[in-house]
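Hello,

Here is the structure you asked for. My notes on the sheets and the ligand site follow below it.

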Amino acid sequence: MEIVIVDHPEQVMADIIANAVRGGASVLGLATGSSPLRTYTELIRRHREEGLSFAGVDAVLLDEYVGLPTTHPESYARFIRDKFTDHVDIGEVNSPDGMTDDSIAAADAYDDLIKGIGPVDVQILGIGSNGHIGFNEPSSSLTSRTRIKTLTAETRNDNARFFDSFDEVPQHVITQGLGTICDAKHLALVATGEGKADAIARAVEGPLSASCPASILQWHPRATVVIDNAAASKLKDAEYYKYVYANKPR
Ligand code: GLP
C-alpha cells in the first residue's frame, strides 16, 4: 500500500487516472461523495485544456441509493453525470439499478456486468467516517459481492447534508462488495480533512478487519491512499510515509 500525503491530493489522483487512461485503461471505477469532486474538476480541466481523452473508456459506479430515480439530484447516477461524466468524452457509465422491484437480482446483474466488462483498471474510492468504502458498512464481509445493504444511522446522518432532512436519506443501497471492489487492478482512495483522520488511521494502521471495511486496501496488491495533512493527522508513521514517497524510485 502506498500512502501519499500531499497538499493537493486531487493532483496525484488526477495523475493516477490520466496515466491509466493514456496507458490504455478501458474501465474506470468512479466514486461519488464530496471526496473525489476536486479530482473530477481537475480531470475535466485536463480534458478541456490539455487534451486528456476518455474515448474508449467505460465507467462503473460503486453504489446507488435504493428508491431514488436517476433524475433525482442525489441519485449517484445523476451526481456523476453532473459532476464528471457529462463534461468529458467517456463512454458508457454504468450504475446499479436502484429503482427495480428486485434489488437482489439487480445487484447480481451489476456484479456480472462488472465481471463482463472488467477488470476495472483504476477504482476511485472515498472513505466514510466509519471506515466504509462504497456503501460497505462495518461488518461487511471482506469478500462480499454487489448486494443490497442497510445504511447505518451514522452514514445517513453524514449524508443528510445533501438532502432536506435525515428522513429523506434512503435507508437501503446497492453497493459493489469488498470482493468486487478488490477485483480492480488498482485502488486509489482519496480523503481530505480532519473529519477523515480517524477512519484513515484505522484503515491504514489498524488491523485488517470487517469493522473497518477500508482496511481491505492493506490486502490488495496495488492500493494508493492519497490524503492531505489533516486526514493524515492521526497516522503514527506519517513521517515515514512522506519519506518513502519523497524517495520513490523514478
Ligand atoms: C458515501 C459514499 C462513499 C463515499 C463516502 C464518503 O456515502 N457511498 O462512496 O466515499 O460516503 O463521502 P464523502 O466523500 O462525501 O465524505
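Strand β2, residues 27-30, and strand β6, residues 122-125, pair in the parallel sense, with two bridges between them. One residue to look up here is G29, whose bridge partner in β6 is Q123. Please keep in mind throughout that this is a predicted model.

That pair belongs to an open sheet of seven strands, in the order β1-β10-β9-β6-β2-β3-β5, and the pairing is parallel. The edges are held by β1 (2-5) and β5 (93-94). Each of these has a single partner strand, so one side of each is left without a neighbour in the sheet.

Helix α7, residues 197-205, lies across three strands of this sheet: β1, β9 (186-191) and β10 (223-227). The helix runs at about 155 degrees to β10.

There is also an open sheet of three strands, ordered β4-β8-β7, and here the pairing is antiparallel. At its edges stand β4 (63-65) and β7 (147-150); each has a single partner strand, so one side of each has no neighbour in the sheet. From one strand to the next, the twist averages 30 degrees. Within this sheet, β7 and strand β8 (residues 172-175) run antiparallel and are joined by four bridges. To find the register, start from R147, which has T175 as its bridge partner in β8.

Now the ligand. Which residues come nearest to it? There are 13 residues around the ligand, and the nearest are S34, S35, D63, F135 and K196. By type, the shell consists of three nonpolar, seven polar and three charged residues.

Three polar contacts to the ligand are worth opening in the viewer:

- H132: a polar side-chain atom lies 3.0 Å from an oxygen atom of the ligand.
- N159: an N or O atom of the side chain is 3.0 Å from an oxygen atom of the ligand.
- G134: here a backbone N or O atom is involved, 3.1 Å from a nitrogen atom of the ligand.

How much of the ligand does the protein bury? Taken alone, the ligand exposes 390 Å², and the protein buries 95% of that.

If you view the two parts together, note that D63, one of the residues that come nearest to the ligand, falls in the 63-65 range of edge strand β4.

Regards

How values were computed
Residues numbered from 1 in each chain as written. Predicted model: local features only at pLDDT ≥ 70, side-chain atom pairs only at ≥ 80, totals over all residues. Heavy atoms only, no water. Near = heavy atom within 4 Å. Polar contact = N/O pair within 3.5 Å; in protein donor to acceptor, adjacent residues only side chain to side chain. Areas by Shrake-Rupley, 256 points an atom, 1.4 Å probe, with all protein chains shown as cover. Nonpolar A, V, L, I, M, F, W, Y, C, P; charged D, E, K, R; others polar. Pairing = 2+ DSSP bridges. Contact = heavy atoms within 4.5 Å. Axes fitted to C-alpha atoms, helices over the stretch in contact; angles between N-to-C directions.
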